[in-house]
Amino acid sequence: MIVHEILRNIFGFDHFRGVQEQVVKRVMAGKDSLAVMPTGAGKSLCYQLPALAREGTAIVISPLIALMHDQIRATEGLGIRAASLTSADSDRETTIARLRNGELDLLYVAPERATTEHFRRLVEQLPIALIAIDEAHCVSEWGHDFRPDYRQLRPLLDAHGDVPRLALTATADRRTRADILTQLGIPEDGLVVTGFDRPNIRYHVRPRDGIGGQLKQLLAGQPGAGIVYAPSRDKAEKLAEGMAGSGRPALAYHAGLDPAVRKRNQAAFVSSEEMVMASTVAFGMGIDKPDVRFVAHAGIPKSIEAYYQETGRAGRDGEPAEAWLFWGAEDFARARQGIETEVEPARQQGERERLNALAAFVEAATCRRAILLRHFGEDPPAQCGNCDNCLEPPATIDATEVARKLLSTAFRTEMRFGVAHLSAVMAGDDNEKVRGFGHDRLSVFGIATPDEIALVRPVARALIARDALRADAYGGLSFGPAAKPILKGEETVTIAVPPPRKKSRRRDTGG
Ligand code: ADP
Ligand code: ZN
């Protein structure tokens with residue numbers, strides 16, 4: 001078959017990888033498809049190969065000019081005829097002439113150009129091999145990177161109704177995927193999803209409890225190079241200092257550093273086999289270091305997609321690697337506040353749901369990998385045997401009663417106190433603050449047994465994560481929308497039995 005010859009002779013590969021063959025076959029048969037494949041799975045080949053095997057030019061819609069130019073350089077190296085039409089290209093006239101003369105296998109176009117009447121007329125009479133829509137999640141308001149231009153692609157696609165369309169993305173949850181299919185007019189059975197499992201990565205999720213100490217402990221048993229993602233530049237610097245202080249080479253990387261320093265730190269990391277880079281999320285995107293042995297998060301990532309991308313930088317060499325996530329209830333509180341204050345109203349609901357999915361992941365007592373893979377639309381086995389919950393299944397307890405008591409106490413104390421005070425009231429602590437507010441006279445004073453008191457902090461954490469409680473800037477807790485169903489007995493609260501607590505600092509939000 002001709003596609004195998006092209007695969008071997010032009011691309012130099014002996015075999016297709018994963019679902020590539022399935023996708024290529026669909027395109028060759030003229031069918032419309034949405035391919036959801038993780039980064040590095042080889043999406044480009046899925047449209048580049050049919051571009052050569054089919055008659056005419058393939059139009060590739062791609063949102064990033066830099067990305068297009070990389071692709072063109074790579075394909076030209078293989079002898080493929082490719083060009084782009086963007087505001088950054090000065091040779092647009094030449095490109096248009098080549099296009100008209102049938103001298104292009106691939107034409108990369110930015111969405112703002114592809115959606116113009118002018119472009120539609122330009123390609124109207126030309127033989128088109130296929131239309132590829134790269135980074136297709138940009139079409140969906142549910143996606144994390146919505147671009148309105150993507151919404152206007154339909155006239156171009158529909159003007160070439162018999163040309164196969166191929167949408168591609170690495171990051172699409174169920175809803176975003178459904179939206180892509182609808183928006184681009186691709187039938188449901190055109191969805192091809194695969195390959196999100198990274199079996200060599202072992203996932204661990206822990207409540208944060210003195211992150212400096214937790215990292216120190218982690219490093220003690222963890223050789224190899226690693227990345228620690230920090231929620232802020234300051235934090236990245238502090239964590240790097242702390243880790244260096246305990247004897248491990250460690251540097252910081254963030255956008256606030258001098259470019260020369262950043263470049264130097266990155267080079268040092270890439271060539272080291274033991275260095276830890278404490279960084280903000282910017283780090284790791286462009287770097288090629290297959291032997292990163294672990295990725296740790298000192299605070300929650302933006303979403304499950306982001307978590308998957310960031311942890312995916314570990315173990316690219318296929319050797320065992322570790323992913324650690326240390327989360328605090330305050331991370332969720334802050335993220336929820338951010339959604340209310342910084343996200344435009346139309347997108348808030350999507351952001352909330354993304355955060356809820358992440359909360360369910362960190363709180364889960366079941367297989368982490370199964371949750372991740374289901375999120376990406378796969379149908380994994382219930383247990384992977386290579387995550388914290390599979391290796392040491394946590395005992396769980398029904399903490400619904402404690403949750404109800406905590407919610408009632410927050411309510412009776414007018415929803416402005418933090419977990420330490422609420423816990424004191426529930427325990428019946430006759431302390432000065434409790435008496436000062438007259439909380440010793442409330443019906444909830446002394447409502448909980450000592451066993452229940454031991455669960456108040458983990459329960460508060462779980463309630464904040466699932467938006468039953470909301471923390472203000474001072475840790476004061478008030479009801480979120482998920483509080484009512486718990487109080488009404490419609491929802492239960494199950495938590496993992498907390499590990500015995502070290503005697504340490506008290507923190508109000510229980511982070
Ligand atoms: P994506 O766009 O999905 O992130 P790319 O298309 O950039 O991935 O491909 C990632 C890498 O995999 C590239 O270096 C590419 O050459 C390589 N690759 C793609 N398909 C195959 C294959 N069938 N066999 C071996 N390597 C492949
Ligand atoms: Zn598992």
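This is a short tour of a predicted model, going from the sheet to the helices and then to ligand 1.

Start with the strands. Select β1 to β7 and colour them separately: they form an open sheet of seven strands with parallel pairing, in the order β3-β4-β2-β5-β6-β1-β7. Next, pick out β3 (82–85) and β7 (191–193), which stand at the edges. Each has a single partner strand, so one side of each is left without a neighbour in the sheet. Look along the sheet to see the twist, which averages 20° from one strand to the next.

Now zoom in on one pair. Select residues 128–133, strand β5, together with residues 165–169, strand β6; the two pair in the parallel sense over three bridges. Within this pair, Ile131 has Arg165 of β6 opposite.

Add the helices. Select α4, residues 65–77, which lies across β3 and β4 and runs at about 160° to β3. Then select α3, residues 43–53. Helix α3 lies across five strands, namely β1 (33–36), β2 (57–61), β4 (106–109), β5 and β6. Its direction is at about 165° to β5.

Keep α3 displayed and show ligand 1. Which helix gives the largest share of the shell around ligand 1? It is α3, with three residues. In total, 13 residues surround the ligand. Label Phe13, Arg17, Gly42, Lys43 and Ser44, the ones that come nearest. Finally, colour the shell by class: five residues are nonpolar, six are polar and two are charged.

Technical notes. Residues numbered from 1 in each chain as written. Chains lettered and ligands numbered in written order. Predicted model: local features only at pLDDT ≥ 70, side-chain atom pairs only at ≥ 80, totals over all residues. Near = placed C-beta within 6 Å. Helix = DSSP H or I, 4+ residues; strand = E, 2+ residues; numbered from the N terminus. Nonpolar A, V, L, I, M, F, W, Y, C, P; charged D, E, K, R; others polar. Pairing = 2+ DSSP bridges. Axes fitted to C-alpha atoms, helices over the stretch in contact; angles between N-to-C directions. Contact = placed C-beta atoms within 7 Å.
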